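Work through the exercises below with the sequence and the model side by side. Try each task before you read its solution.

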Amino acid sequence: MGKNYLKPDYIFESSWEVCNKVGGIYTVLSSRAKTLQEEMKDHIIFIGPDCWKESESPYFKEDSALFADWQWEAKEQGLKIKVGRWTVPGEPIAVLVDFTPYFEQKNEIYGWLWENYGVDSLHGYGDYDEASMFSYAAALVTESFYNHYLNSQQHVIYHANEWMCGLGALYINNKLPQIGTVFTTHATSIGRSIAGNMKPLYDYLFAYNGDQMAEELNMQSKHSIEKQTAWHVDCFTTVSDITAKECVELLDKPVDVVLPNGFDDSFVPKAAQFTRKRRAARRRLLEVANALLGEQLGDDTLIVSTSGRYEFRNKGIDVFVEAMNRLLRDRDLKKKVVAFIEVPGWVGEPRKDLQERLNSQLSSQRHTLKERTFNSPLEVPQVTHWLHNMSHDNVLSMLKYYDMHNRKDEQVKVIFLPCYLDGKDGIVNMTYYDVVLGNDLCIYPSYYEPWGYTPLEAVAFKVPCITTDLAGFGLWANKEFGHYGELKDGVKVIHRTDYNYSEVADVIKDTVAAFSAMSQKEVDECRKKADALSKKALWCNFIEYYHEAYDIALRKADERK
């Protein structure tokens, strides 16, 4: 920690993903919580939406004795809250707030926002209202707690994540100027939208006008709240150098600090358990593949995968399929490959025919030492779960377009696993972290990726990976290596632009082929390097950037005092 940094006495951090597992920000916050909790001992308070109402949240444990006197007072003030602990390592305090009562005050709140900060909420649609009302409620929770327990003698931080929490940061900035405000944009709403709408983002970044693009893409309100929050908070931050460039060009505001995403490795199994879990994952993935394909793929099969949100272009799922298609005809490929696409789609139900085969495999294992084998593939041998939109699904459409039907004589099989791997999907029945362990190589050829947790998680489990220099993690890895990452470094970083899709697919194909020819010694070395890089991204190394951000915000708040 910097010698002269001002240290917060309390931090209130709001996010739509507190105790609400919907995306990568959940991983950022929940894994960082342990480090902050160790430093601040219950003086870090996370505020999230009460999405669960009457049912019990699997990520939250209520405790009515925690701040009991304030809980009573907050309820008297009309706040509908649950106070307890987030069930992640470190078990930090969390407050879940019901934001629905504020919908009836929506127009007054938006009017106040326009008058004080010029935020245009007129064009809001979809999740704009929901996010804004939650953000407003989170700020009221902070204000109530502050007035009950704290005063201007203490150094207090309010940290808002994403445009969705911008309104709350502006409210605090206005009503409690003695609190230092920090705002983190994990991806600019307009940058993600430009990329998602198939427009070239990077070559033209210098020429895009954020306000103009927001109008063109019908994103005015999200862009407006994000831009005004960036301009008015005490410390504006983002997660990588690549997104920092976006902020300058699209929000017209340079960031004060870049806060790279670390992780907590307490969930990575150690030594003997690691080996056992890796074997179990490989066995399960091959059982599923064999039952689906009607094959007998052995343990020398190369298991590769991609995963993440179902953003077909942004996450590079299209390039992944393209590369596997080219790999089919690659003479340098020395092993059979099973490539899994682990991306949650519009899933209907697990396939009954596949379940039956897997269950019969299981019972045959119990009664004999031999595993039951199948010699004919199931119908549609590319997917493990039926989808609601089979004929309009991007992955299945691309496999069909390339006539990739996982035929017996083909060296490369591609299998779409379109569900959340929570251990209860009905087919694999293992959690994502347990499944990752079974991979030989993970591939994330992202086009738009502010940071990139998936490659960081892969290397934490000693799985070498391929990523691009359009991912914050890829840029960071290059910086650590002092050159473009190669497979022997544990992470291969591919140069990606708006227009070199075909070259990227070729580099992936060549890298997988080269990996298939590596000796066991070379593979072990590769895995060791991946593990070593992941250690540099632990929160204990990255938390110092947060201390810098808190310091900037607290000094500005002190000037106002």
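The exercises that follow concern a predicted model and treat its pocket, cavities, aromatic pairs and a few single residues.

**Exercise 1. The second largest pocket**

Task: Find how much space lies in the second largest pocket, and which elements give residues to its lining.

Solution.
- Step 1. Start with the volume. The second largest pocket holds about 570 Å³ of space.
- Step 2. Go to the centre. Of the 26 lining residues, Arg282, Asp299, Asp300, Thr301 and Asp440 are the closest to it.
- Step 3. Assign the lining to elements. Helix H10 (271-293) and helix H18 (520-535) are the elements that give two or more residues. H10 gives the most, with eight residues.
- Step 4. Sort the lining by class. Twelve residues are charged, eight are polar and six are nonpolar.

**Exercise 2. Two cavities**

Task: Locate the cavities of 30 Å³ or more and describe the lining of each.

Solution.
- Step 1. Count them. The structure has two cavities of 30 Å³ or more.
- Step 2. Take the largest cavity. Its volume is about 40 Å³. The residues around the largest cavity are His123, Gly124, Tyr125, Tyr128, Asn218, Met219, Gln220, Ser221 and Lys222.
- Step 3. Look for the main contributor. Helix H8 (residues 220-232) supplies the largest share of this lining, three residues.
- Step 4. Sort by class. The largest cavity is lined by five polar, three nonpolar and one charged residues.
- Step 5. Turn to the second largest cavity. Its volume is about 30 Å³. Ser15, Trp16, Glu17, Ile25, Asn161, Glu162 and Met164 line it.
- Step 6. Sort again. This second lining has three nonpolar, two polar and two charged residues.

**Exercise 3. Aromatic pairs**

Task: Classify the pair Trp16 and Phe134, then the pair Tyr432 and Tyr433.

Solution.
- Step 1. Note the total. There are 38 aromatic pairs in the structure.
- Step 2. Choose the two quantities. A ring pair is described by the distance of the centres and the angle of the planes.
- Step 3. Apply them to Trp16 and Phe134. The ring centres are 5.6 Å apart and the planes meet at 75 degrees, so the pair is edge-to-face. The cut-off for that class is over 60 degrees.
- Step 4. Place the two residues. Trp16 sits in the loop between strand E1 (10-14) and helix H1 (24-40), and Phe134 sits in helix H4 (residues 128-149). They are 118 residues apart, so the pair links distant parts of the chain. Both Trp16 and Phe134 are buried.
- Step 5. Now take Tyr432 and Tyr433. With 6.1 Å from centre to centre and 45 degrees between the planes, this pair is tilted.
- Step 6. Check burial. Tyr432 counts as buried because its relative accessibility is 18%, under the 20% cut-off. Tyr433, at 24%, is partly exposed.
- Step 7. Add the cluster. Tyr10, Phe12, Phe67, Trp70, Phe145 and Tyr149 form one aromatic cluster.

**Exercise 4. His385**

Task: Is His385 buried or exposed, and which residues does it contact?

Solution.
- Step 1. Place the residue. His385 lies in strand E13 (residues 385-387).
- Step 2. Judge the burial. His385 has 1% relative accessibility, so it counts as buried.
- Step 3. Trace the polar contacts. The side chains of His385 and Thr384 are joined at 2.8 Å. The His385 side chain also reaches the backbone oxygen of Asp425, at 2.9 Å.
- Step 4. List contacts, leaving aside neighbours within four places in sequence. His385 is in contact with Val347, Glu349, Pro350, Arg351, Leu417, Pro418, Cys419, Asp425 and Ile427.

**Exercise 5. Met398 and helix H9**

Task: Describe the surroundings of Met398, then find the buried residues of helix H9.

Solution.
- Step 1. Place Met398. It is in helix H13 (residues 394-401).
- Step 2. Judge the burial. Met398 counts as buried because its relative accessibility is 12%.
- Step 3. List what Met398 touches, not counting residues up to four places away in sequence. These are Phe312, Asp318, Val321, Glu322 and Tyr501.
- Step 4. Move to H9 (residues 241-250). Its buried residues include Ile242, Thr243, Ala244, Glu246, Cys247 and Leu250.
- Step 5. Look just after H9. There, Asp252 takes a positive phi of about 55 degrees.

How values were computed. Residues are numbered from 1 along each chain as its sequence is written. This is a predicted model: local features need pLDDT of at least 70, side-chain atom pairs count only at pLDDT 80 or more; totals for chains, interfaces and linings use all residues. Side-chain values use heavy atoms; hydrogens and water are left out. On a 1 Å grid over the protein atoms alone, a cavity is a set of points where a 1.4 Å probe fits but cannot get out, and a pocket is an open set with protein on both sides within 12 Å along at least five of seven lines; lining residues have an atom within 4 Å of a point. Grid points are joined across faces, edges and corners, and a volume is the space filled by probe spheres set on the points. Helices (H or I, at least four residues) and strands (E, at least two) are DSSP runs, numbered from the N terminus. Ala, Val, Leu, Ile, Met, Phe, Trp, Tyr, Cys and Pro count as nonpolar, Asp, Glu, Lys and Arg as charged, and the others, Gly among them, as polar. Buried means under 20% relative accessible area, exposed over 50%, partly exposed in between (1.4 Å probe, protein chains only). A polar contact is a pair of N or O atoms within 3.5 Å; within protein, one must be able to donate a hydrogen and the other to accept it, and residues adjacent in sequence count only if both atoms are side-chain atoms. Contact means heavy atoms within 4.5 Å. Rings of Phe, Tyr and Trp (its six-membered ring) pair if their centres lie within 6.5 Å; planes under 30 degrees apart count as stacked, over 60 as edge-to-face and the rest as tilted.
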